[in-house]
Amino acid sequence: MLVRKARLQDATNIYELVNSLSSDGTLLRRAFAEICENVRDFTVAESDSGVFLGCGALHLYGPHLAEVRSIVVRPEAKGQGAGANLLSALLDEAEDHGIGCVCLFTRIPDFFFRYGFRVVEDRAALPDKIFKDCQNCPRLYRCDEVAMARGQIPKVSILGPRIEAEQLVRLTG
């Protein structure tokens, strides 16, 4: 299995895989243009013969925070280690950038516990994530995802004042 940074030629596979899990709410639907614009955030896994197995992205907010997002493996590739290899590559990338904290929102927290992630009880502790994505999500006030982080939760926010984020996200989960 090869894990590598995505190229623009991977955008169609990423788009199709991510959106294949959007109808049931597992992942947020992403426009093809958004995938193309952010393709450099993505890492892909492929078989030794070049078959696309899965993808994941590391979104950088700043030196204080990054987010693992859109991490997904094709159903026929589950159990082959692609998810673990993708996550490891994304965490290595965050470390290379000197990121102090990596967060994610998921419905399968057990997978991420094995990699040092812990539950973040108060989502307002991640205001950059809230300002970037959550306030535009159709499930804002009925979110069923678990917020998780690895590393020290940042005391700063660059996308908006922390107090506004705290007021914005009075979510129950």
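Here is a walk through this predicted model, starting with its sheet and ending at a pocket and a loop.

Let's begin with the sheet. It is open and has seven strands, in the order 1-2-3-4-5-7-6, with mixed pairing. Strand 1 (2-5) and strand 6 (118-119) sit at the edges with a single partner strand each, so one side of each has no neighbour in the sheet.

Start at the strand 1 edge and step inwards. Strand 1 runs antiparallel to strand 2 (residues 42-46), and four bridges join the two. If you want a spot to look at, find Val 3, which stands opposite Ala 45 in strand 2. Packed on the sheet here is helix 1 (residues 11-20), which touches strand 2, strand 3 (52-62) and strand 4 (65-73). The direction of helix 1 makes about 90° with that of strand 3.

Next comes the step from strand 2 to strand 3, again antiparallel, this time over five bridges. Val 44 has Cys 55 in strand 3 as its bridge partner. These two strands make a hairpin with five residues between them, and in it Gly 50 takes a positive phi near 90°.

Strand 3 is a well-covered piece of the sheet: ten of its eleven residues are buried. On to strand 4, then: seven bridges join strand 3 to it, and the pair runs antiparallel. Cys 55 turns up again here, with Val 72 as its bridge partner in strand 4. The hairpin of strand 3 and strand 4 has two residues between the strands.

Now look at helix 3 (residues 82-96). It lies across strand 1, strand 2, strand 3, strand 4, strand 5 (101-106) and strand 7 (146-151). Relative to strand 4, helix 3 runs at about 160°.

What about open space? The largest pocket holds about 850 Å³. Its lining is made of 38 residues, and those nearest its centre are Thr 26, Leu 27, Ile 71, Thr 106 and Ile 108. Strand 4, helix 3, strand 5 and helix 4 (109-113) are the elements that give two or more residues to this lining. Strand 4 gives the most, with seven residues. Sorted by class, the lining has 21 nonpolar, seven polar and ten charged residues.

One last stop is Lys 155, in the loop between strand 7 and helix 6 (162-168). Is Lys 155 buried or exposed? Its relative accessibility is 67%, so Lys 155 counts as exposed. Pro 127 is 28 residues away from Lys 155 in sequence, yet their C-alpha atoms are 9.9 Å apart in space.

Terms used
Residues numbered from 1 in each chain as written. Predicted model: local features only at pLDDT ≥ 70, side-chain atom pairs only at ≥ 80, totals over all residues. Heavy atoms only, no water. Pairing = 2+ DSSP bridges. Contact = heavy atoms within 4.5 Å. Axes fitted to C-alpha atoms, helices over the stretch in contact; angles between N-to-C directions. Buried < 20%, exposed > 50% of the residue type's maximum accessible area, 1.4 Å probe, protein only. 1 Å grid on protein atoms, 1.4 Å probe; cavity = no way out; pocket = protein on both sides within 12 Å on 5 of 7 lines; lining within 4 Å. Points joined across faces, edges and corners; volume = space filled by probe spheres on them. Nonpolar A, V, L, I, M, F, W, Y, C, P; charged D, E, K, R; others polar.
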